[in-house]
Amino acid sequence: PWGGGHRGWGGRGRKAKRGDVRAAILALLAEEPRNGYQIIQEIAQRSEGGWKPSPGAVYPALQQLTDEGLVIPAESEGRKTFRLTDEGRAYIGAHPDEVRAPWDEMRPDIDDNTADLWHIARQSAFAMMQILHTGNDAQIREARKTLVEARRRLYQILADDDPGDE
């Protein structure tokens, strides 16, 4: 949905590697509880078909995360749904580099620059979630000011004809 056909998008999506399934599960469960089938479908959808992990990859990863105490299963309408524990939320806040959404990098036609920007945006979102979960009022106010300024700067970049390279 983002920038299809825009110059600068090109290349092939990369292949899944060790840790990608775990990272994807944690990123998805940070949004809301899901069952294994929903996790597989969501990864496939978000990677625009570039990656569809097998049940043989997803379910053992869910079991491992459960064993580590980061995820807890619950029966819901006859299906096992998984959600993050408090320890899982704390883990995500403490490991933003590990807990990324690798499907973005597996979409067809995404370049390194774009993948890097998505990665930074996700890390920022996890930091914001951590502030909302554990921050005091002053920290939440400061985070809001920071986000408002970042949004303003991003639109300013679009308004500038030639922002140049960093």
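In this predicted model, the number of salt bridges comes to 8. Side chains of opposite charge can pair when their charged atoms come close, and a few of these pairs are worth following one by one.

One of them joins Glu68 to Arg22, whose side chains meet with N and O 2.8 Å apart. Because Glu68 sits in the loop between helix H3 (55–67) and strand E2 (71–76) while Arg22 belongs to helix H1 (residues 20–31), this pair ties together parts of the chain that are 46 residues apart in sequence. Glu68 has a relative accessibility of 37%, so it counts as partly exposed.

A second pair connects two helices: the side chains of Arg46 and Glu31 form a salt bridge at 2.5 Å, N to O. Arg46 lies in helix H2 (residues 36–46) and Glu31 in helix H1, so here the parts tied together are 15 residues apart in sequence. Both partners are partly exposed, Arg46 at 23% relative accessibility and Glu31 at 46%.

Glu32 forms a salt bridge with Arg34, and their closest N and O atoms are 3.5 Å apart. In this pair Glu32, at 42% relative accessibility, counts as partly exposed, whereas Arg34, at 5%, counts as buried because buried means under 20%. These residues belong to a network of salt bridges that links Glu31, Glu32, Arg34, Glu42 and Arg46.

Turning to another helix, H6 (residues 112–134) has 23 residues and spans 33 Å from its first C-alpha to its last, close to the 33 Å expected at 1.5 Å a residue. Within H6, the residues Thr114, Ala115, His119, Arg122 and Phe126 are buried. An α-helix has 3.6 residues a turn, so residues three or four places apart point the same way.

Technical notes. Residues are numbered from 1 along each chain as its sequence is written. This is a predicted model: local features need pLDDT of at least 70, side-chain atom pairs count only at pLDDT 80 or more; totals for chains, interfaces and linings use all residues. Side-chain values use heavy atoms; hydrogens and water are left out. Helices (H or I, at least four residues) and strands (E, at least two) are DSSP runs, numbered from the N terminus. The expected span of a helix is 1.5 Å times one less than its number of residues. Buried means under 20% relative accessible area, exposed over 50%, partly exposed in between (1.4 Å probe, protein chains only). A salt bridge is a side-chain nitrogen of Lys or Arg within 4 Å of a carboxyl oxygen of Asp or Glu.
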